[in-house]
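User: Hey, could you walk me through this structure? I'm new to this, so plain words please.
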Amino acid sequence: MEFSVIAILLILLGALAAYVPVYMSLFFTGLLGFLFFAPDPQPLLITQSFFKSMDNFALVVVLFFILCGNIMTAGSIVEKLIKVVNTLVSWLPGGLGMAGCLGCGLFGAISGSTVATVVALGGFMIPALIQNGYPGRYAVGLMTTSPNLGIIIPPSISMILYCMITNVSLQGLFLTGFVPGILIMGATCVYTYFLFRNDTVLVRMPVPGFREVLSVLREGLWSLLLPVIIFVGTFSGMFTANEAAVVACVYAFTVELFIHRTMKWGDVKKVIFNSAVTSSTLLIIVAGATCFGRYLTFENVPAKIAEAVIEHISSPAMFLLAMNLFFLLVGMFLDVISATLIVGPVVIPLLPNFGVDFMHFGLLMTVNLAIGYCTPPVGVSMYIVGSIANKNILYVARAVVPFLAIQIGVLFLVTYLPDLVLWLPKWMGFWEAIETSAPAL
Amino acid sequence: MIRGFRRIDRWLSLFEEWTLFLSVLAAMIALFFNVVLRYGFSYSLAWSEELVREVILYTTFVGCSAAIRSRATVRIDAVVQLVPRLQYPLALFSYGVQLVFAVILIYYGVQLCALQVKSGQSTLILNIPTVYLYALLPLLGVLMILRVLMMAAVDIRARRSALGG
């Protein structure tokens, strides 16, 4: 790689470290790259691609899944979901911890964002865990890492973006997320079980009676129907992902306004406005990443990296290992959106050379970058939890270690056993062999 | 100056809140009815997709201005958290960069708008002249300058009173 690319990458990292908004750092470094190293820099065109990248129908799904998550949090759907899960597992040792993890999974099945999951569940699960006698480090570690399920379990923002830059079926990629999601939940619960098996401090609930379970289920019925609507609608082909998100929002509004009655009409405007702002902060990164990506394409970086990789790596197993390590490294510095849009087009053209399936790779990228939410120095979840729990970042970094080990274990499992995740989309008919990909950026 | 800022802030917030709310609501209703119409009456609204795309453009660019006020813009605060002493200077630096960005948006945004006027392009179905869409770029630039100056004023005052008190 030449001097110019390395200089630009350093400027990017410097700008990010200097507290410049992520999308501006990307836009400016892309622009500077063109100004310094292009024979005929056209800032007008860069500004235009900044604008044009937002003119995309597929992006609306991000807005509506965020809206859906916010409606659930503002109303009582989240609370009811947690209550259901908690009743089912609270009699086990470490039951509340398991409930926190499973709750993240359930929330992730409706919201496509990890940040939304951290904010929605971390805020009340961490104090609840500590009050119930769980060690602070366990509570913080659990609630920093479990929200990763938000983008691993469908719907998922990073999967949506991956499908935008490849021809992979979105429904199919969504389906691959279930197995790793369930494995992570299962392994975290088993870990919790063994951690607290002989614990005498924690209060263990009695096994709930049939009638109690039934009444909690009845109360939570409307909330539990929400993921059902999303999944049945999307995977039966009834709705597109966009429509599923919108239908979920309308359903969530209806439930909160008319059935639970926990939300007032006056709240509707506030929830919608806040969601629009949150989604804009994410989507604008897409615009910035597009500009930066244009610079990388101009410098022919994807082809150069491809050449270097093919020269040095020969086996698919080595390639996947290298990719995992590379993405874990990228995830330490970039957020999920910019990483997907910048690194994706660079490495995706390599897949056919190693016979790696595009859908499988999309999942690997998602899990890798999800883990990046919890790795220093740039781990968004760590900072959010740090401020919720009033702990410094080093404490959080130590707390997440065992949980991240579980997730990395699952990552390697699904890396080397592609059929473990691909059987589901294959069985449901959403998988097809793609020979070539067409990066859209 | 602070009082003037407050008045601008009130109007700006009102404008952002209502337009963002109404545009997202419109997109939601359009997409929802599209589903209902398709299954109930095997009919689909040709304009809904275009409307939604325009809503996304609008909410993203205007939402960015609102995000400055609520300090929701995505930034990497690793350095700021590890070295709290750098927080204030880096915040000011970041405001400066945002101002430069806003000026770029206005400068090139206006040029892009002029190009759209010259070519007389409009959108396919709703027939909206594209210049109105491109006008979002300079609009964001202007909103951003106002927002950044306000937030910087708030921060500088807070710093002064913290140092003084």
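Analyst: Sure, starting with one helix. The buried residues of H8 in chain A pack against helix H6 (95-108), helix H7 (114-131), helix H12 (178-196), helix H21 (380-389), helix H22 (393-399) and helix H23 (401-416) of chain A. Helices here are DSSP runs of H or I with at least four residues, numbered from the N terminus, and contact means heavy atoms within 4.5 Å.

User: Before we go on, what sort of model is it?
Analyst: This is a predicted model: local features need pLDDT of at least 70, side-chain atom pairs count only at pLDDT 80 or more, and totals for chains, interfaces and linings use all residues. Residues are numbered from 1 along each chain as its sequence is written, chains are lettered from A and ligands numbered from 1 in the order written, and side-chain values use heavy atoms, with hydrogens and water left out.

User: Ok, back to H8. How many of its residues are buried?
Analyst: 8 of the 10 residues in H8 (136-145) of chain A are buried, so to speak mostly covered. Buried means under 20% relative accessible area, exposed over 50%, and partly exposed in between (1.4 Å probe, protein chains only). Among the buried ones are A:Tyr138, A:Leu142 and A:Met143.

User: Which ring does A:Tyr138 pair with, and how?
Analyst: With A:Tyr134: the ring centres are 5.8 Å apart and the planes are at 20°, so the pair is stacked. Rings of Phe, Tyr and Trp (its six-membered ring) pair if their centres lie within 6.5 Å; planes under 30 degrees apart are stacked, over 60 edge-to-face, the rest tilted. A:Tyr138 is buried at 5% relative accessibility, and A:Tyr134 is buried at 7%.

User: New topic: how much area do chain A and chain B bury between them?
Analyst: About 5,300 Å², with 81% of it on carbon and sulfur atoms. That's the accessible area (1.4 Å probe) the two parts lose on being put together, summed over both. In chain A, A:Tyr19, A:Phe51 and A:Lys269 lose the most area to chain B, together 16% of what that side buries.

User: What does A:Lys269 meet in chain B?
Analyst: Its side chain forms a salt bridge with B:Glu17, at 3.3 Å from N to O. A salt bridge is a side-chain nitrogen of Lys or Arg within 4 Å of a carboxyl oxygen of Asp or Glu. The count between the two chains is 3 salt bridges.

User: And which cluster is A:Phe51 in?
Analyst: An aromatic one, whose members include A:Phe50, A:Phe51, B:Phe61 and B:Tyr134.

Key:
Helices (H or I, at least four residues) and strands (E, at least two) are DSSP runs, numbered from the N terminus.
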